[in-house]
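This briefing is meant for someone meeting the structure for the first time. It takes the metal sites, the core, a pocket and some backbone details in turn.

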Amino acid sequence: MTIHARQDTGVAPLPELSTVVSSISRDSPRPLIWAYLAVSGAVFVLMMLLGVLMRMAQGGSIVLPPEWFYRVMTLHGVGMVGISGLAGASIMWHFASRHLDLSPKILATNLVLFLAGVLLLFGPVLISGYAAGWTFLYPLPRLSGGVWSQTAAAVHLTGLLLVGVGFLLLHLDVARAIFAKYGSLGRALGWPQLFGRSTEEPPPAAVVASTMVLIVNVLGLVSGAGILVMSIVNLLVPNFEIDALLAKNMIFFFGHVFINATIYMSVIAVYEILPVYAKRPWKVSRVFLAAWTASTVMVVIVYPHHLLMDLAMPAWTRVLGQVVSYASGLPVLLVTAFGGLTLMYRSGVRWDTAASLLFLSLFGWSAGVIPAVIDGTLAMNRVLHNTQWVPGHFHFYLLLGLVSMVFGFMYFSIRQARDGTDNLWDRCAFWGFTIGALGVVLTFLAAGRVGVPRRFAVHLPEWATYSTVGAWFGVVVALAASIFVARFVARLRAPA
Ligand code: HEM
Ligand SMILES: [Cu+2]
C-alpha cells in the first residue's frame, strides 16, 4: 500500500506506510517486569501440576475425591486465566511503555491487587471447600448444597473483583497515555491511515494492540465487576435475586473477552521480537490496521458462541455467535501468522529458544483456532458441547500459543539483559514443551471426539487411556516449564 506525500506541502515525502515499523529498542525490562515474569512462570508451573493431578484422577491413576477434583479445577481455571492476564499485561506494558508514558505505579498496583486477590481466591478453595469453577456461574456459588459457606463464596468472588480492578486500572492508565499522545483511540488504532489519506506514520504495533485490548477489556471487566458485585450482594442478601440468563451473559461476555485479551496482549511479543531475529521490520500495513480494528469489534460481539445451547436466548444471537465465530479471531491471526512467516522466510534466523518459542506460538495459535471454529458451528456444537473437545481447543491456543509467547518473551528479555547463550537444557525444555503440549491437547481432542464429557471428576474405565496418556504428556510440559523458569531465575541472578 503506497501513500504519496502531497507535493504542495513543501515537506519531504514521508516514508511508505508499509515500511514504517515499530521501533525496536534493546532496553532491558524494568525490575517490575522481571517480578511479573517470575510470578507468572512460577504460577504457570504450579497450575500445570494441578492440571496433571486432574488428568491423573480422570484416568484413575490417583484417587481424588470429587469435591477435591472441583476445588482443583476451580484453582486451575481461575489461576491459569488470571496468570495469563498478568503475563500478557507484562508484555504489553513493556513494549507499549517505549511509546507511551505509562505509570509504573499503576503497574505495581496491579501486581499488588493481583497477589492480594489470589490470596482471597485461593483461601476459600483450599480452606473452606469452595469449588464453583472459575466461571462462578450464578446461582452455583450460592447453592453449594452445604459443601461451602456463603462467606467462602463471597470472599472468593471478592478476590476476583480485586484482580479485575487491578486490570481495569492498568487499561485505564494505557487509555490516559494514549489520549495524551494520540488524542483519540481511533488515531491509536491507525484509523487516519486506514480510512483517511493520512500520510503520517501509523502507530506502532504495540500501541495498536494495546488500544484494541484496552477497549475490549474495559468493556469485559466492567461487565465482570458488575455481575461480581451483584453476586456478592446476592450471597449476603438472598432476597436480592438476579436474572440467571442476564448473569450468564455478563459472566461469559467477561470471561470470553478477558481470555481473548490475554492473547492479544501477548502477541505483541511476536511483533516486537521476531523482527530482531529476522533483522527485518514488522510492517504496520493497512491490512494490519484493518485486521486489528475488525477484531476489536468482532471479539466483543462474538461472545454468544458460549450460549449456543441456551435456547432461551433470541435466535439471532445464536446466528451471530456462529457466523462471527468463523471470522472473529481470523483477521489478526492471519496478519500475524502470515506476517510472521514472511518475516522469517529466508531471513537466516538463528533459532535460539526465544525465537523457537515465538515461532511455535504462531503455530499453536493458528492451529488451535481450527478446532475452536469447528466447535463454534451450531451443528457441531450440538455434539461437542461440554465434551473435552472444548478444553482440547482452548488448551491448544493457550498452552501452545499464549504460554509459548510468554516464555518466548521471558527468554528474549533475559538474553538481552544478561546475554547468556542457550544450552542443552534449554533445547531439551523447548522440545519437551512442544511435544508434551501437543500430547496434552491431542488427547483432549481425541477424548472429545468420542464424546467424553468435560468437567467430570469421575470417568468411565473406557476413557482412562486418553486421560492417563494426557497426564503423562502434562508431566513433560510441567517439567519443561520448570526448566524455563529455573533458567530464567538463574540468569536473572547472574551479573548484567
Ligand atoms: C500441563 C498443562 C496442562 C494440563 C495437564 C491441564 C489439564 C487440565 C484438565 C485435566 C482440565 C479439566 C478438563 C475437563 O473439563 O475435564 C483443565 C481445564 C482447564 N485448563 Fe488446563 N491444563 C494445562 C494447562 C493449562 C493452561 C496453560 C491454561 C491456560 C493458560 C489452562 C486453562 C484451563 C482452563 C481455563 C480450564 C477450564 C476449567 C473449567 O472447566 O472450569 N490449562 N486443564
Ligand atoms: Cu469465546
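Helices, by which the loops between them are also placed, are DSSP runs of at least four residues, numbered from the N terminus. In those terms R346 is found in the loop between α12 (330–344) and α13 (353–375). The model is predicted, and it holds an iron atom in ligand 1 as well as a copper ion, ligand 2.

**The iron site**

- The iron atom of ligand 1 is coordinated at 2.0 Å by two histidines, H76 through its NE2 atom and H395 through its NE2 atom.
- These two residues link distant parts of the chain, since H76 belongs to helix α2 (residues 66–96) and H395 to helix α15, with their positions 319 residues apart in sequence.
- The site of this iron atom is octahedral, with six donor atoms and angles among them of 87 to 179°.
- Both of the coordinating residues, H76 and H395, are buried.

**The copper site**

- The copper ion (ligand 2) has as its protein donors H256 (ND1), H305 (NE2) and H306 (NE2), which lie 2.0 to 2.1 Å from it.
- Along the sequence, the donor residues of the copper ion follow the spacing H-x48-H-H.
- H256 lies in helix α8 and H306 in the loop between α10 (286–301) and α11 (315–327), so this pair ties together parts of the chain that are 50 residues apart in sequence.
- H256 counts as buried because its relative accessibility is 5%, under the limit of 20%, whereas H306, with a relative accessible area of 30%, is partly exposed.

**The nonpolar core and F396**

- The largest nonpolar core has 160 residues, and of these W292, W365 and F433 touch the most other members.
- Helix α15 (residues 389–418) gives the largest share of this core, namely 17 residues.
- Leaving aside residues up to four places away in sequence, F433 touches M48, L357, L360, L399, V403, S404, V477, A480 and F484.
- F396 has its place in helix α15, and with a relative accessible area of 7% it is buried.
- When residues up to four places away in sequence are not counted, the contacts of F396 include F363, G364, P371, V441 and L445.
- Between F396 and L442 there are 8.5 Å in space, C-alpha to C-alpha, while the two are 46 residues apart in sequence.

**The second largest pocket**

- The volume of the second largest pocket is about 350 Å³.
- This pocket is lined by 26 residues, among which V78, G82, F114, L121 and V163 are the closest to its centre.
- Two or more lining residues come from each of the elements α1 (31–59), α2, α3 (104–128), α4 (150–182), α7 (205–236) and α8 (244–266).

**Backbone details in the loops**

- Y138 and P139 are joined by a cis peptide bond, with omega at about 0°, and P139 has its place in the loop between α3 and α4.
- K279, found in the loop between α9 (268–278) and α10, has a positive phi of about 55° although it is not a glycine.
- K279 counts as exposed because its relative accessibility is 70%, and exposed residues are those over 50%.
- R346 is likewise a residue other than glycine with a positive phi, in this case near 50°.
- At 70% relative accessibility, R346 also counts as exposed.

Note on methods. Residues numbered from 1 in each chain as written. Chains lettered and ligands numbered in written order. Predicted model: local features only at pLDDT ≥ 70, side-chain atom pairs only at ≥ 80, totals over all residues. Heavy atoms only, no water. Core = buried A, V, L, I, M, F, W, Y, C linked by side-chain atoms within 4.5 Å. Buried < 20%, exposed > 50% of the residue type's maximum accessible area, 1.4 Å probe, protein only. Contact = heavy atoms within 4.5 Å. Donors = N, O, S within 2.8 Å, 3.2 Å for Na, K, Ca; no water. Tetrahedral: all angles 85-135°; square planar, octahedral: opposite > 155°, others 65-115°. 1 Å grid on protein atoms, 1.4 Å probe; cavity = no way out; pocket = protein on both sides within 12 Å on 5 of 7 lines; lining within 4 Å. Points joined across faces, edges and corners; volume = space filled by probe spheres on them.
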